[in-house]
Amino acid sequence: MTTPLDEIKSRLDLVDYIRSYVNLSPSGKSLRGLCPFHKEKTPSFFVSPDKQVWYCFGCQKGGDLMKFVMEMERMEFAEALRFLADKAGIVLQKQDPKLLSLKNKVLDILAEASKFYRRSLVKTPEAVKYLNDRGLKNQTINFFQLGFAPGPPAKSWKNLYLHLRQLGFQDNEIEQAGLAVRSEKQELYDRFRNRIMFPIHDFNGRIIGFTARILPNNAETEAAKYINTPETLVYQKNKVLYGFFQTKDEIKNKDQAVLVEGNLDVLMAWQEGLKNVIAVSGTALSEFQLKNLKRFCQNLILSFDMDRAGELATDRSIGLAFQAGFNLEILSLAKGKDLADYAKEYPEKVAEVINSAKQVMEYYFEKIFSEAETDSIETKKKAVAYLLPRIKLLKNPVEQTEWLNKLSLKVKVPEKMLFEEFSQTNSVLEAVPDSDESLPAVGESLFIKSRWERLAEKILGLVLQFPELAPELESAIDYFPFRLQEFARLIVGLGRDKIKNQSFPEELDQSLLDYLILLADYEASLFPEKFSPEQEIKKSLLELKKAKLHSLIAEVSLAIKEAESGSNLGRAELLVKELIELTKKLSEVEVENVV
């Protein structure tokens, strides 16, 4: 039996339809272009003309023609069906009786399949043992209606199919339910074989699909660990949250949901007392899921895998959840552990584990600053590059300002400079970096050598070019950056002749010396033919002193703000006195410069 959707797909070409939204160019057997669902500079949106499917490797959205219309036009299934029917010249009734009949048949088939799988589980000791070994109790297994799909080396690849045929269901109906696939000979066989079956329910408790986990001893060694029901009349994966039907009342009562990645995480957490837990079941979190969840709670805790790929998915989920208006926290467990592992190891602590969840920005700050020494330039660069696009996720300007101020104190960069960089930064939703190597591009300009450092290097270069100027450095060494002070002392101690003959001791930093010699030649090329080295170094030393004092004043000002924010008034008072002294010194140098 041909459905209206089949008829639509036979009349409308996916590529032709998508071309009205996306510029596509050939890429192997596929076509590619910039994804219409998220901002990107490099094409990650691919379309297969042969398969009539599309997928974006950036935002992980994909599907067929119907799915594209639903995403692009923000339509529900029935609305999209009518929309495409008009384009295809197909007349639909307001609610096509055939389509409605098929939908009901599909729901009946899925319900019967679940009963079949549950009976099969009881008859399969190795499957029950696997679930028990994972920590699941029979009460949990029964409550969530887990089952088992038999397969090789059992009777055949058609156990469920033959059972459903005996119940009177037709091939097309079984196929439309997503439970069977066709062989090259166009014969139907079971989609799920030798797998633990996790039924997925809709809001009303009807089974609309399955997640299937392969048993470790499966003969099909190359099979995927998890597979799901494909998109059907009743199942669209980006509209469903696993466990939501069973936990929605608890979510509403607590005004809070704990969102995890896997089915087992839900089951183990629920079993040990965390009853308001749900899962995304192997797909990216969608706006539709969040919108539906928002009807039940304002507070959301995310507990996702924090490897690199998982972190990017979490960033996207955080951005969407902020946009949806949730109060967000992050639950970060020990490295390599998910909630199922934690529940098995510490069952008595599961119900309270959410108390350790952190505010999103608090989590981000702790993560980036725990990786290395805070005072290193590289850490500061990485921190700014990592945090600015994430602070951008916050929609409240007051919150943004609060976290930018904290970042300013942490990396010792003036607020004005940080805010300016922030204004030009995209959020991670708008521009997700491909790898850690691309991170320092954000905020890089904040950590280039300061004018103070460049002046110090220029002065040392002048001395290497004009050794007679070396004594001029002696009274100004304390104004040099710390990394150059020892070098400056050694140069002064060498004297004119040794510098001129380049008789440098081994303890002198050779790489720095090589750089300064090149710098000396470069500086010399910039000087006019007639210039006074003595006047140039005196002027540069005065500028060095001013730059040093300005730098110290900025650091002390930041320290005062940090002390005041921590209510350390005693330290703040001492720092204010230090600031007054530095300002006085700067005034004296300014006068000296005028004279």
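How many disulfides does the structure hold? The count comes to zero. The model is a predicted one, and its cysteines are a good place to start.

Take C35. Its closest cysteine sulfur is in C56, 3.5 Å away. A disulfide needs two cysteine sulfur atoms within 2.5 Å, so the sulfur of C35 is too far from that of C56 for a bond. C35 counts as buried, with a relative accessibility of 6%. C59 also looks to C56. The sulfur of C56 is the nearest cysteine sulfur to C59, at 3.6 Å. C59 is in no disulfide. At 3% relative accessibility, C59 counts as buried.

Now turn to the packing. The largest nonpolar core has 94 residues. F45, Y117 and L179 have the most contacts inside this core. Helix α5, residues 97–122, gives the core its largest share, nine residues.

Y117 repays a closer look. Leaving aside residues up to four places away in sequence, Y117 touches G147, F148 and A149. Its other contacts on that count are L160, L179, F192, M197 and F210. One of these, L179, is itself among the residues with the most contacts inside the largest core.

A separate core lies apart from the largest one. This other core has 45 residues. Among them are L259, C297, Y363 and I368.

Next come the voids. Searching the whole structure for cavities of 30 Å³ or more turns up two. The largest has a volume of about 40 Å³. Its lining runs through I200, then Y235, K237, V240, L241 and Y242, and ends with V280, S281 and T283. Six of these lining residues are nonpolar, two are polar and one is charged. Lysine counts as charged, so K237 is the charged residue in this lining.

The second largest cavity encloses about 40 Å³ of space. P199, I200 and H201 line it, along with L241, Y242, G243, F244, F245 and Q246. Two elements give two or more residues to this lining: β9 (195–201) and α10 (244–254). Here the lining divides into six nonpolar and three polar residues, with no charged ones.

The two linings can be read together. I200, L241 and Y242 appear in the lining of the largest cavity, and I200, L241 and Y242 also line the second largest. K237 belongs to the lining of the largest cavity, whereas the lining of the second largest has no charged residue.

Conventions:
Residues numbered from 1 in each chain as written. Predicted model: local features only at pLDDT ≥ 70, side-chain atom pairs only at ≥ 80, totals over all residues. Heavy atoms only, no water. Core = buried A, V, L, I, M, F, W, Y, C linked by side-chain atoms within 4.5 Å. Buried < 20%, exposed > 50% of the residue type's maximum accessible area, 1.4 Å probe, protein only. Helix = DSSP H or I, 4+ residues; strand = E, 2+ residues; numbered from the N terminus. Contact = heavy atoms within 4.5 Å. 1 Å grid on protein atoms, 1.4 Å probe; cavity = no way out; pocket = protein on both sides within 12 Å on 5 of 7 lines; lining within 4 Å. Points joined across faces, edges and corners; volume = space filled by probe spheres on them.
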